[in-house]
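Student: Could you take one part of this chain and examine it closely for me? I would like to understand where that part lies and what surrounds it.

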Amino acid sequence: MRKNSRSLNNISKRRKRSRKLLSSGIILFLLIFVLFSACYSSYHLKVPYVFWEYMIPIPEGEKVSVHIENGMTASQAARAFEIQGALVTGSPVQLAQWMIKFGLDRKIRPGHYSVVPSDAWNLARQLRTAKPALLKAQILPGIDVFALIESLESQDRKVTREKFSQALMNNANYPSGLLEILRLLPEDEYTRTAFLMPETYMLVDRTADEIVNASSSAWWSHWGDFITEHDLTSSDIFDASIIASMVEREVLHDSESRAVAGVIHNRLRSNMLLQIDATVVYAWRLKGRKLTRVLNKDLEINSPYNTYKFTGLPPRPICIPGVEAWGAALDPEYSEYLYYVAGRDGYHHFAKTYKQHLANIRQVRSGR
């Protein structure tokens with residue numbers, strides 16, 4: 001009897017122990033399941049996302065470039081990231097939500113973003129530190145419309161001659177103040193190029209419209225107040241654009257710009273031929289020939305740009321003037337000089353009479 005009683009007691013203890021182990025196992029399984037579920041949910045929902053910021057590194061790999069335009073909202077930007085291949089998992093709505101949560105909807109700037117294609121959360125994480133790249137477009141002072149288009153085409157194949165011509169003639173690309181002036185000027189691209197400020201521009205997109213808009217706005221920002229204060233007419237400004245273009249091509253040293261502009265004004269008042277080589281070079285350029293040096297035979301070209309044959313100003317500007325040339329044309333230096341000749345160092349020798357001018361030429365040729 002005692003043996004049976006002990007056996008029953010042992011069985012009872014084992015059963016209790018088994019039940020405890022089973023209960024502990026169930027509880028442990030439930031805890032693991034809950035923990036796994038919480039981790040799985042928090043990872044995919046990123047709640048709390050701050051924890052996962054330290055646990056999961058930002059993706060690395062081959063990047064794609066995404067263009068974000070000026071004025072885009074978070075939703076529009078998110079859609080752009082999807083269309084351009086950066087958002088590979090999740091929806092634009094999710095990306096926009098993460099952008100808003102990170103405060104990026106108020107900070108997203110236009111430009112080109114280089115990011116690793118990823119899901120909405122990881123893409124938003126990259127955008128918190130990503131800085132948009134801008135594209136460079138350069139306009140050099142003294143460049144004519146033909147060389148300008150060649151230069152811009154070399155910088156970006158999207159800028160073709162046809163597109164740039166269209167951009168120049170599109171009134172929507174100009175600030176309102178400048179547009180009021182341009183409407184009273186000859187309607188051609190050769191005239192309008194003179195009102196583009198030579199500068200290096202950093203643009204969101206390097207299109208013809210963006211280039212014309214940025215450079216014409218820069219020109220108006222620089223000269224708009226001066227024009228208004230001096231009550232200049234469109235005719236005054238048009239003449240100044242032509243004079244400025246000649247000064248730009250004639251002068252090597254900016255310090256002489258106003259003096260050369262003064263000579264041009266004096267010769268115009270005296271009804272003298274301007275006799276500026278740069279206009280002859282441009283006349284041949286219009287015929288498809290590039291001159292590196294003007295010879296006597298080149299002066300025979302029958303063109304209104306040949307200031308050795310025709311008095312007065314050429315019909316249009318011959319290049320894009322820089323700031324110094326524009327300033328000289330709008331405010332020339334007063335003098336009695338009617339002649340100048342360039343020395344070997346690029347500086348000019350000015351003269352009031354033709355006799356003095358001939359003496360200057362002899363001096364230059366002798367190297368003194």
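Tutor: V247 is found in helix 11, which covers residues 234-250. The model in view is a predicted one. Is V247 buried or exposed? The relative accessibility of V247 is 1%, so this residue counts as buried, because the limit for that term is under 20%.

What, then, does V247 touch? When residues up to four places away in sequence are not counted, V247 touches S257, V260, A261, I264, A325 and A328. S257, V260, A261 and I264 fall within helix 12, residues 257-269. A325 and A328 fall within helix 14, residues 323-330. One distance helps to place V247 beside helix 12: the C-alpha atoms of V247 and A259 are separated by 9.6 Å, with the two residues 12 apart along the chain.

It is useful to examine those two helices themselves. The axes of helix 12 and helix 14 are 8 Å apart, and the helices pack at an angle of about 40 degrees. Helix 12 and helix 14 are therefore oblique to each other. In handedness, the crossing of helix 12 with helix 14 is right-handed. On the side of helix 12 the contact is made by S257, R258, A261 and H265, and on the side of helix 14 by E324, A328 and A329. By class, the residues of this contact are three nonpolar, two polar and two charged. S257, A261 and A328 belong to this contact, and V247 touches each of these three residues.

Let us now follow helix 11 to another of its residues. F238 also has its place in helix 11. F238 has a relative accessible area of 14%, which means that it is buried. Apart from neighbours within four places in sequence, F238 is in contact with L185, P186, T191, P315, R316 and P317. The C-alpha atoms of F238 and P186 are separated by 9.0 Å, although these residues are 52 apart along the chain. Helix 11 thus offers two buried residues to study, F238 and V247, with F238 meeting residues that include P186 and P315 and V247 meeting residues that include V260 and A325.

The loops on this stretch of chain deserve attention as well. D231 lies in the loop between helix 10 and helix 11. D231 is not a glycine, yet its phi is positive, at about 50 degrees. The relative accessible area of D231 is 65%, so D231 is exposed. Further along, N271 is located in the loop between helix 12 and helix 13, residues 277-286. N271 likewise has a positive phi in a residue other than glycine, near 60 degrees. N271 counts as exposed because its relative accessibility is 58%, and the term requires over 50%.

Beyond D231, on the other side of the loop, is helix 10. Helix 10 packs against helix 7, residues 161-169: their axes come within 8 Å and cross at roughly 40 degrees. Helix 7 and helix 10 are therefore oblique to each other, and the crossing is right-handed. Helix 7 contributes K163, F164, A167 and L168, which meet A208, D209, I211 and V212 of helix 10. Six nonpolar and two charged residues make up this contact, with no polar ones.

One of these residues leads to a last site: I211 is among the contacts of R206. R206 is found in the loop between strand 6, residues 199-203, and helix 10, residues 208-229. R206 is buried, because its relative accessible area is 15%. Its side chain reaches the backbone oxygen of K136 at 2.8 Å and the backbone oxygen of Q155 at 3.2 Å. Other contacts of R206, leaving aside neighbours within four places in sequence, include L135, A137, D156, K158 and V159.

Finally, the whole chain gives a setting for these details. The chain has 15 helices and eight strands, and 42% of its 368 residues count as buried. Among contacts with a separation of 6 or more, 63% join residues 24 or more positions apart.

Methods. Residues are numbered from 1 along each chain as its sequence is written. This is a predicted model: local features need pLDDT of at least 70, side-chain atom pairs count only at pLDDT 80 or more; totals for chains, interfaces and linings use all residues. Side-chain values use heavy atoms; hydrogens and water are left out. Helices (H or I, at least four residues) and strands (E, at least two) are DSSP runs, numbered from the N terminus. Buried means under 20% relative accessible area, exposed over 50%, partly exposed in between (1.4 Å probe, protein chains only). A polar contact is a pair of N or O atoms within 3.5 Å; within protein, one must be able to donate a hydrogen and the other to accept it, and residues adjacent in sequence count only if both atoms are side-chain atoms. Contact means heavy atoms within 4.5 Å. Axes are lines fitted to C-alpha atoms, for helices over the stretch in contact, and angles run from 0 to 180 degrees between N-to-C directions. Angles under 35 degrees count as roughly parallel, over 145 as roughly antiparallel, 65 to 115 as roughly perpendicular and the rest as oblique. A crossing is left-handed if the near helix is turned anticlockwise from the far one by less than a right angle, and right-handed if clockwise. Ala, Val, Leu, Ile, Met, Phe, Trp, Tyr, Cys and Pro count as nonpolar, Asp, Glu, Lys and Arg as charged, and the others, Gly among them, as polar.
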